[in-house]
Structure formats: C-alpha cells, structure tokens
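Reader: Please take me through the ligand site in this model, and keep to that one part. I want to know what surrounds the ligand and which atoms approach it.

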Amino acid sequence: MQLCNQNLNQLPATVQRPLYERSQVVPAIVHLGVGAFHRAHQAVMTDAVLASGDLAWGIVGAGLMTTGTKDALAPQDGLYTLVERAAGSEKLHVIGSIVEVLGGAADLAQVLERMCAPGTRIVSLTVTEKGYYLDPASGKLQLQAPAIQADLANPATPRTILGLIVQALRHRKANAIPPFTVLSCDNLPSNGKTAKAAVLAFAREVDSELANWIEARVSFPCSMVDRITPATTDADRAYVNAQLGLQDAWPIVTEQFVQWVIEDNFTMGRPDWTLGGAVFSNEIEAWEDMKLRCLNGAHSTLAYLGQLTGRETVADAMQLPLITGLLDALWVEVRGVLKAPAGVDPADYVEQLKLRFCNPALKHRTAQIAMDGSQKLPQRMLSTLRERLAADLPSPALATAIAAWMLFAVKTAHTPGAVLNDPLSNDILAQAGASNDSTAIIDNLLGIHKIFGSDLKTNARFKAEVLNGLRQLAAHPEVAAALPLTL
Ligand code: CS2
C-alpha cells in the first residue's frame with residue numbers, strides 16, 4: 001500500500017502527519033528544483049504554516065531537468081516522509097505542503113502557466129549553483145551556454161530558470177498581474193542579488209523595458225539555508241517503508257539541525273515561516289558568508305580529501321587526523337577575516353559543525369559534495385583567500401584545500417573511465433591531465449579563468465602555498481596510494 005491522502009490514517013501513531021485539510025490548501029508558491037534540500041527545509045516550514053491553520057501557501061514543486069521527483073511523488077499526492085536523524089534518536093514526519101508536482105521537459109509549459117497564475121505569489125529556487133548560468137569567477141551571465149541561447153531564441157518555451165522567470169514576469173506585466181517575489185534558497189553569496197543579476201542580464205537580452213520593470217518592481221530577498229541533507233538511498237527507502245507500513249518512493253533523510261534565515265522583502269506577502277523555525281533578518285549576507293565559508297568550505301575540503309583517501313562518508317572522513325587537522329587550520333583562517341552576524345560567535349558555530357559532520361546516522365557521501373567544484377570554490381574558499389591576501393595574511397590551509405581539489409582532478413584525469421561531475425569537467429580534466437609536474441599542474445589549473453579569475457595565477461605567495469600544500473598531501477601515505485601517478 002502506498003503513502004497517499006487516502007492512506008494517511010493507516011500511519012502508525014508515532015509518525016506525525018498533516019492534520020489540516022489538504023484539499024483546502026491554496027497553491028501560492030511555485031518552487032523550481034524540488035530536490036532533497038527543498039524538501040528538508042522550505043517544504044517542512046511551509047507545512048508548519050499550513051498546520052497552524054493558514055492554508056493559503058501550498059507549494060507547486062517542479063523538477064526542471066527530470067521527471068524523477070514527479071514520478072515518485074505525484075502518485076503519493078505530493079506526500080513524503082521526512083526523517084530527522086541524530087545518533088540514537090529520530091523523528092518521522094509526513095509532509096503535506098507540496099500540493100502538485102511537475103517534472104521534466106514535457107511539463108515546462110505547465111510550470112510556466114503556474115508561474116503566470118495571479119495566485120502565485122512566490123517563485124522559490126533550489127537549482128544548485130550551476131542552475132543560474134553565471135560564470136563562477138566573474139558572476140557574468142553565460143550568454144553562450146546552449147540552454148541560454150535556446151531560451152533567448154525561443155522565449156515563449158523556456159527551459160532554464162532564467163527563461164521561465166522572465167517569460168512569466170513578461171506575462172504578468174502585460175496582464176497587469178503583480179509580480180511574484182523570487183526567493184533563492186541556493187548556496188550562493190547574496191543569493192537574492194545573484195538571482196536578480198542573472199534574471200536582469202537575461203531580460204536585457206530580450207527586452208530592455210521589461211528588464212527595467214523587473215529591476216524596479218520585483219523583489220529578490222536573500223536567504224541562507226542550512227540543513228545537511230544527503231541523497232536518499234535504497235536502504236533509507238526500505239527503512240522508511242518498514243516504519244510506515246506504507247510505501248514511500250522518495251523519503252528524505254536529514255539531520256535535526258535546521259536554519260533558514262530570510263530577508264523580509266516580499267511584494268505579494270509571505271507565509272509566517274517563523275512557525276516552522278525560520279528567522280527573518282536584515283543581515284543575510286553575514287549569515288550566508290559564515291555558512292558558505294565555515295560549513296561549505298570545510299565540506300568541500302573534506303569531500304576532496306575523503307575522495308583521495310577512500311573515505312566514503314563525511315562521518316568517516318572526520319575520523320582521519322589529516323582531514324580534521326586541516327579543517328581546524330582552515331577554520332582559523334576563515335574566522336580571521338569573517339564578519340559574523342551580530343551576536344553570533346563563529347567559534348560556537350564551528351564547534352557545532354564538527355558535531356554535525358561527525359553525525360554517524362547520516363550517510364553523507366563525499367562523492368556527492370565533491371561534485372561541481374568549479375561552481376563552489378569561489379564562494380566557499382576563494383573569497384576568504386582574496387581577503388586574506390589583501391590583508392597580507394598567509395593562508396596555508398586554504399591553499400592546501402585548493403590543492404586537494406587539484407589532486408582530486410588529477411586523480412580523476414589519470415584514472416581510465418573516471419568521470420568528473422562538473423560543468424567545466426572538460427577544461428579541468430584537460431589541465432589536470434596535461435602534465436606530471438606539480439608546478440605545471442598548479443599553473444594549468446589556476447589558468448582556468450572561469451574559476452580563478454586572473455589574479456591568483458600570478459600571485460607568487462599563493463602559488464607557493466598551494467605547491468607546498470600539494471606536496472604535503474601527495475606525500476601522505478593514503479593519498480599517495482590513491483594517486484595513479486607520483487608527484
Ligand atoms: C554541501 C551542501 O553538497 C554540498 O556541496 O556542502 O549541500 C551542504 O550539505 C548544505 O549546504 C548544508 O546546509
């Protein structure tokens with residue numbers, strides 16, 4: 001028997017479920033990128049709003065690239081189980097805030113229709129860094145990307161988030177429907193501003209008057225989301241199904257910690273997400289920087305080193321002194337130039353992070369975090385690094401973290417059949433595989449302008465730190481054993 005509206009009353013009493021009347025929920029949010037991250041925070045906090053009796057905020061969830069989530073959730077009336085897990089304790093909760101699920105190319109026209117609907121008040125996004133089509137180093141729109149070219153040539157049938165948002169806003173402007181708020185929940189610095197810049201750059205290519213209207217009328221609040229949410233495994237599914245006594249095709253397993261800090265700037269209203277634990281603040285950039293640099297920067301470092309030493313999960317990687325020692329040094333460098341939000345001590349945040357990374361109940365794969373490095377390094381590591389260079393401070397730990405990314409690329413380039421999951425994989429593998437000499441490898445990789453810009457390649461201090469870090473890592477017995485060449 002499947003999890004769905006009709007079978008909700010079959011759930012065991014230990015599993016929390018929607019007690020509100022789901023058929024009365026009014027869709028008002030279109031969410032693009034209805035993956036695990038969204039289903040572990042925004043959908044959960046929106047469920048709390050609905051549970052409070054405010055049924056005006058249903059979510060239409062859309063997967064743009066695949067039909068995966070739709071195939072799993074549509075037959076379940078959008079319901080899914082959230083498992084919040086710590087060592088020795090867990091909570092199961094069926095979430096009911098997603099009232100419609102769309103997915104894949106065949107549904108894009110319907111997604112656009114929902115975005116045009118006068119009842120849609122918010123369009124929110126978790127599409128990962130690469131979904132914005134911005135050059136990682138310069139932040140400029142990738143006008144030459146085939147998907148952007150296709151959307152510019154066929155604006156009425158968009159396939160990217162930028163094409164969809166601009167076309168929907170064009171329709172709303174033409175029909176005097178107020179514009180929705182665009183809420184980015186991705187791991188990007190100043191994510192609202194970044195989303196706005198991407199949307200405006202795209203709109204300017206199609207219609208400058210529309211671009212001016214968007215600039216003046218559409219709000220793009222920034223937000224910071226923090227919840228570690230590994231990809232769901234078959235073992236998770238089997239476990240949840242046994243607990244529920246019902247089949248759930250796509251449960252979400254996450255940690256107990258959750259933090260969502262949002263700038264309160266919504267033109268067509270917003271749910272009271274504080275009911276689910278969210279916080280509204282005007283200091284989002286400080287929150288986002290602390291999270292990106294302390295959590296995500298450490299995560300990426302740990303993921304590359306985990307991949308180089310055969311540590312499959314984050315909790316496993318946290319057992320290796322090579323990794324924990326580097327993370328401790330990295331956090332000191334990050335905190336040295338960090339502007340933390342008022343009243344927050346980054347030292348406490350880091351202590352908490354260590355516990356979160358060690359959570360043995362989460363099987364967070366280092367391979368998952370190691371994906372898309374080109375899109376992640378700038379905001380996770382390079383911004384701290386540039387601030388330290390400007391202040392004439394050394395950054396041996398950050399440079400070693402970048403060396404870990406380089407060695408991960410070198411290992412992939414020299415391993416027959418290995419795949420690098422990254423939109424810039426061709427460039428990275430070509431540079432990483434072009435030489436067996438450490439200095440040349442560093443020069444070649446730092447020469448990828450889209451990631452490193454033009455300043456770092458010529459910075460002697462930084463290059464010496466990377467070379468030192470790379471040599472030390474390559475000399476570590478476990479890393480050396482994993483590298484298919486001697487450096
Ligand atoms: C991770 C993040 O996959 C990754 O790159 O660093 O998804 C991380 O788990 C979240 O940002 C935690 O809030």
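Author: In this predicted model, the ligand takes up the space of the largest pocket. Three elements each give two or more residues to the shell around the ligand: β8 (223-226), α10 (284-308) and α15 (373-390). Of these, α10 gives the most, with three residues.

The pocket can also be placed with respect to the domains. Residues of the shell come from domain 1 (5-280) and also from domain 2 (284-482), so the ligand lies between the two.

There are 13 residues around the ligand, and those that come nearest are Asp226, Arg227, Lys291, His299 and Lys376. Sorted by class, the shell holds five charged residues, four polar ones and four nonpolar ones.

Some of the approaches can be given atom by atom. For His299, an N or O atom of the side chain is 2.8 Å from an oxygen atom of the ligand. Asn187 also uses its side chain: an N or O atom there is 2.9 Å from a ligand oxygen. With Arg227, the partner is a polar backbone atom, 2.9 Å from an oxygen atom of the ligand.

As for how far the ligand is covered, it exposes 340 Å² when taken alone, and the protein buries 90% of that.

To put the site together: the ligand lies between domain 1 and domain 2, because both give residues to its shell, and His299 is among the residues that come nearest.

Definitions and conventions
Residues are numbered from 1 along each chain as its sequence is written. This is a predicted model: local features need pLDDT of at least 70, side-chain atom pairs count only at pLDDT 80 or more; totals for chains, interfaces and linings use all residues. Side-chain values use heavy atoms; hydrogens and water are left out. A residue is near a molecule or strand if one of its heavy atoms lies within 4 Å of it. A polar contact is a pair of N or O atoms within 3.5 Å; within protein, one must be able to donate a hydrogen and the other to accept it, and residues adjacent in sequence count only if both atoms are side-chain atoms. Accessible areas come from the Shrake-Rupley method with a 1.4 Å probe; for residues, only the protein chains shown count as cover. On a 1 Å grid over the protein atoms alone, a cavity is a set of points where a 1.4 Å probe fits but cannot get out, and a pocket is an open set with protein on both sides within 12 Å along at least five of seven lines; lining residues have an atom within 4 Å of a point. A molecule sits in a cavity or pocket if more than half of its atoms lie within 2 Å of its grid points. Helices (H or I, at least four residues) and strands (E, at least two) are DSSP runs, numbered from the N terminus. Ala, Val, Leu, Ile, Met, Phe, Trp, Tyr, Cys and Pro count as nonpolar, Asp, Glu, Lys and Arg as charged, and the others, Gly among them, as polar. Domain bounds come from an automatic or database domain assignment.
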